[in-house]
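Hi,

Here's the structure I said I'd send over. Have a look, and my notes on what turned up are underneath.

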Amino acid sequence: TMSKKVNNDVKVAFDLGGIFSSMTGEGENAQFKLEVYNVTDNALTEIGTYKNIYNVNGYLINQGGEFIPRFSGAKVALNARRGENRNFLNNTILYVYENTIPISFFVENGVNAIPYTIRYVGSDNLPIMEKSETISVGDALTHATIALSDNFKSQSKYIDIVFTDYDLGTLRFNVVKPVKLTDEAQRIYWYNSWGGISFMDFCGDRTEERKVKNTTYQESVLNYYDDKVNEKDFIYDKQNEITVKLTTHNIQKDAQWHLFDLQQSRTAWTYVNGEKYRILVSDLTINTTSVNDIYTATIEYTYSLGVNC
């Protein structure tokens, strides 16, 4: 319950964002109902009841708006509108190297499935192969994974995810070439500014720095003449900090907005030998190249729990 005492004809405002966020898990959607009343001279008057209020823990980035606008049926939970108009759902250039595409949706009550078509597109911009599938949805915010064919992906320049219902449009991914560009490609996942799951496949350089912080204690020097080892400081505890730098392949200008979203995210993770690790992204650097409008980007992160890496 929140309340304010005011004089007549004074505008009243409440900040509900912090309350909603504290009751909404990362990558989840929470529904709230508001009941608003006015009390004058001990007389209670109902102003209104609002049942269908939904919250996800997003953030402001890339001119993505202050809230998710109303939609009919379903909406892709991805803020990718910034960039040159490309007649796709995403103006921001997205890349894929691995054989899966994570994707998230907001859905209305009653929507149980979202049909789509995977279209593998060659360098001549003609379809190589198309396959229709359906994603089952249940929650108001649903996370899904689309599996790709390694064979057809290797022949493609683009992969289009075509949504035939709910006026969603087509989501286009640029395939990172060559197919065996690196043996150490690493995918970073994060909850994006609209609450969905985003990813970036880093196919460039990777460096890892391991630092250990020792907490020590000292023994008395009174046993100096009896000890056979020259020693005074002993380790009480060791704290490992692993700092990783990942660099992208060559990317176009309109791909950097996707990385800005990653930099701002509060929840990011990666997998090491099949185990999931939360990471803390601390730095993003956009580097120019000798080719006009071609860039590389480097992120730096530490592991939230690095002792088991």
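Starting at the surface: Met 2, Val 6, Val 10, Val 12, Phe 14, Ile 19 and Met 23 make a nonpolar patch of about 590 Å². Bear in mind throughout that this is a predicted model. Of the patch residues, Val 10 sits in the segment before helix 1, which runs over 17-22. Val 10 counts as partly exposed because its relative accessibility is 43%, and that class covers values between 20% and 50%.

Now the aromatics. The count comes to 12 aromatic pairs. Take Phe 20 and Phe 32: their ring centres are 4.3 Å apart and the planes are at 20 degrees, so this pair is stacked; planes under 30 degrees apart count that way. The pair ties together distant parts of the chain, with Phe 20 in helix 1 and Phe 32 in strand 1 (residues 30-40), 12 residues apart. Both Phe 20 and Phe 32 are buried.

Tyr 301 and Tyr 303 make an edge-to-face pair, at 5.4 Å centre to centre with 85 degrees between the planes. These two tyrosines, Tyr 301 and Tyr 303, are buried as well. There's also a cluster, in which ring pairs link Tyr 189, Tyr 191, Trp 269 and Tyr 271.

Last, a couple of charges over rings. Arg 82 lies over the face of Trp 257, 3.8 Å from the ring centre. Over at Tyr 97, the charged end of Lys 153 sits above the ring, 5.9 Å from its centre.

Cheers

Technical notes
Residues numbered from 1 in each chain as written. Predicted model: local features only at pLDDT ≥ 70, side-chain atom pairs only at ≥ 80, totals over all residues. Heavy atoms only, no water. Patch = residues over 30% accessible without salt bridge, like charges linked within 9 Å, V, L, I, M, F, W, Y side chains within 5 Å. Areas by Shrake-Rupley, 256 points an atom, 1.4 Å probe, with all protein chains shown as cover. Salt bridge = Lys/Arg side-chain N within 4 Å of Asp/Glu carboxyl O. Helix = DSSP H or I, 4+ residues; strand = E, 2+ residues; numbered from the N terminus. Buried < 20%, exposed > 50% of the residue type's maximum accessible area, 1.4 Å probe, protein only. Phe/Tyr/Trp six-rings, centres within 6.5 Å; stacked < 30°, edge-to-face > 60°. Lys NZ or Arg CZ within 6 Å of the ring centre and 35° of its normal.
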